[in-house]
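I opened this notebook to record what I looked up about the open and enclosed spaces and about the sheet with its helices. The entries follow the order in which I went through them.

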Amino acid sequence: MKKIAIFTTTRSDISILTPLIKKIRKSKKINYLLFVGGTHLNKDYGSTKKEILSDKITIHGYFDYLVKGDSKKNLSLSLANAHAQINNLFTKHKFDYVCVLGDRFEKMAVVNNAIIYNKPIIHLHGGEITEGVIDNQIRNMISKASHLHFVICESYKKQLIKMGEKRNRIFNLGSLAIDLIKSIKKLSKVVLFNKIKIKLNIPTIILTYHPVTLEKKILEKIQIKNVFDALKKTNYQIVVTAPGHENGRKIIDDYIKKISLKNKRIIYVKSLGHNLLFNLLPYCKFMIGNSSSGIIEAPFFKIPTINIGDRQKGRFKHISVINCSYSKNSIQKAIKLASSIKFKKKILKSKFFFGNGNSSEKILRQVLKIEINEQLLRKK
């Protein structure tokens, strides 16, 4: 029986990996090992390990590598720690494949160990482009090291081919996030809003804003201040989730915490978790910020996304995504468009391009077809 080692370090990647894990769990031909680390184990990010356990998913090991703080020095030290701790997992456990998702810097520790231990690498969400952050370089490095690629749309497949990856290693099977969205238990609006502690009778939006690590012209504090200034004269209640673990994170997080204490319409939540997030999105007027959720998942719900700045620049975008600059004026114009009835009607007629909710089954079927041999491991 084949065994896949799956590594998760953030709330965003476990929401995509969960359907694959649950599908593997039902199979008699393949098994998984789940290793959990990073922000899942940190209370500042909501200790999201408990969300994994609440889904009744078995965790087979931990790698607690984070050095406190978001300075470049501490991020580099965290990466060094991750290499050592993940090496321990490679020596302790037996598995056939390594599965990594996306573009987080700590995934390089998984990939480097996989290369040394001659483990074939399965990469999810390759071929994507995010020009405003270092994740772009990391994602491409992981793609060049990987043996099998499962992408979410045709344009990303073409991007990997341009990078020199062979067509027979690349499979466009849609996003696993859609599998999860279709499978989660639906909560009533009353139960949902009570859980998040927000008001039923006030229109709601979600804001998630991460550092733009390659942006040197506009400071993080100015970026996030402009977002809230643009929203100041609206009547929305704003559910704000914490930024990810990257350089510049503390500046953004501190500003959000400070402003949420002064304004009752701003509700700060460290992590909604995928169950609450995907239940809340259909009730939201729009999503705003620079998160990949606004690019990948929000369009499935036929709601507008206001995508600020360059963090997601280069990704394939549905017509529901409104791009704007960091300026207050540009964000206000985007809010006006997102709030318009005409624009929302246009979205309702649009096509969704990231799959239809059966990606996990397709991925497993493909993995089971492939033999682990010299032809797979040797990349020309």
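I began with the largest pocket of this predicted model, where I counted on a lining of 18 residues and noted that Asn168, Arg169, Gln375, Leu376 and Arg378 lie nearest its centre. Its volume came out at about 390 Å³, and helix H16, residues 374-377, supplies the largest share of the lining with 3 residues. Sorted by class, I found that this lining divides into 4 nonpolar, 5 polar and 9 charged residues.

I then turned to the second largest pocket, which holds about 320 Å³ of space. I listed 15 lining residues for it, and those nearest its centre are Asp44, Tyr45, Lys68, Gly69 and Arg249. Here the lining is made of 3 nonpolar, 3 polar and 9 charged residues.

Next I asked how many cavities of 30 Å³ or more the structure holds. The search returned 3 cavities, the largest of them with a volume of about 740 Å³. I noted that 44 residues line this largest cavity, and that Thr10, Ser12, His210, Ser291 and Ser292 are the ones that lie nearest its centre. Two or more lining residues come from each of helix H1 (11-26), helix H5 (135-145), strand E8 (204-208), helix H11 (273-280) and helix H12 (292-296). Which element gives the most to this lining? I found that H1 does, with 5 residues. By class I recorded 11 nonpolar, 21 polar and 12 charged residues around the largest cavity.

For the second largest cavity I noted a volume of about 50 Å³. Its lining consists of Leu124, His125, Phe150, Val151, Ile152, Gly174, Ser175, Leu176 and Ile363, and in terms of class I counted 6 nonpolar and 3 polar residues, with no charged residues.

I moved on to the sheet, an open one of 7 strands, and wrote down its order as E3-E2-E1-E4-E5-E6-E7, with parallel pairing. At the edges I found strand E3 (61-63) and strand E7 (170-172), each of which pairs on one side only. From one strand to the next the twist averages 25 degrees.

I looked at the E3 edge in more detail, where strand E2 (residues 30-37) runs parallel to E3 and is joined to it by 3 bridges. In this pair I noted valine 36 of the sheet standing opposite tyrosine 62 in E3.

I returned to H1 to see where it lies on the sheet, and found it across strand E1 (2-8), E2, strand E4 (97-101) and strand E5 (121-124), running at about 160 degrees to E1. H5 also packs on the sheet, where it touches E4, E5 and strand E6 (148-151), and its direction makes about 140 degrees with that of E5.

Which residues of H5 are buried? I listed Asp135, Asn136, Ile138, Arg139, Ile142, Ser143 and Ala145. I then checked what covers these buried residues, and the cover includes E4, helix H4 (107-116), E5, E6 and helix H6 (154-162). To read the spacing in such a list, I kept in mind that an α-helix has 3.6 residues a turn, so residues three or four places apart point the same way.

Notes
Residues are numbered from 1 along each chain as its sequence is written. This is a predicted model: local features need pLDDT of at least 70, side-chain atom pairs count only at pLDDT 80 or more; totals for chains, interfaces and linings use all residues. Side-chain values use heavy atoms; hydrogens and water are left out. On a 1 Å grid over the protein atoms alone, a cavity is a set of points where a 1.4 Å probe fits but cannot get out, and a pocket is an open set with protein on both sides within 12 Å along at least five of seven lines; lining residues have an atom within 4 Å of a point. Grid points are joined across faces, edges and corners, and a volume is the space filled by probe spheres set on the points. Helices (H or I, at least four residues) and strands (E, at least two) are DSSP runs, numbered from the N terminus. Ala, Val, Leu, Ile, Met, Phe, Trp, Tyr, Cys and Pro count as nonpolar, Asp, Glu, Lys and Arg as charged, and the others, Gly among them, as polar. Two strands pair if DSSP finds at least two bridges between them. Axes are lines fitted to C-alpha atoms, for helices over the stretch in contact, and angles run from 0 to 180 degrees between N-to-C directions. Contact means heavy atoms within 4.5 Å. Buried means under 20% relative accessible area, exposed over 50%, partly exposed in between (1.4 Å probe, protein chains only).
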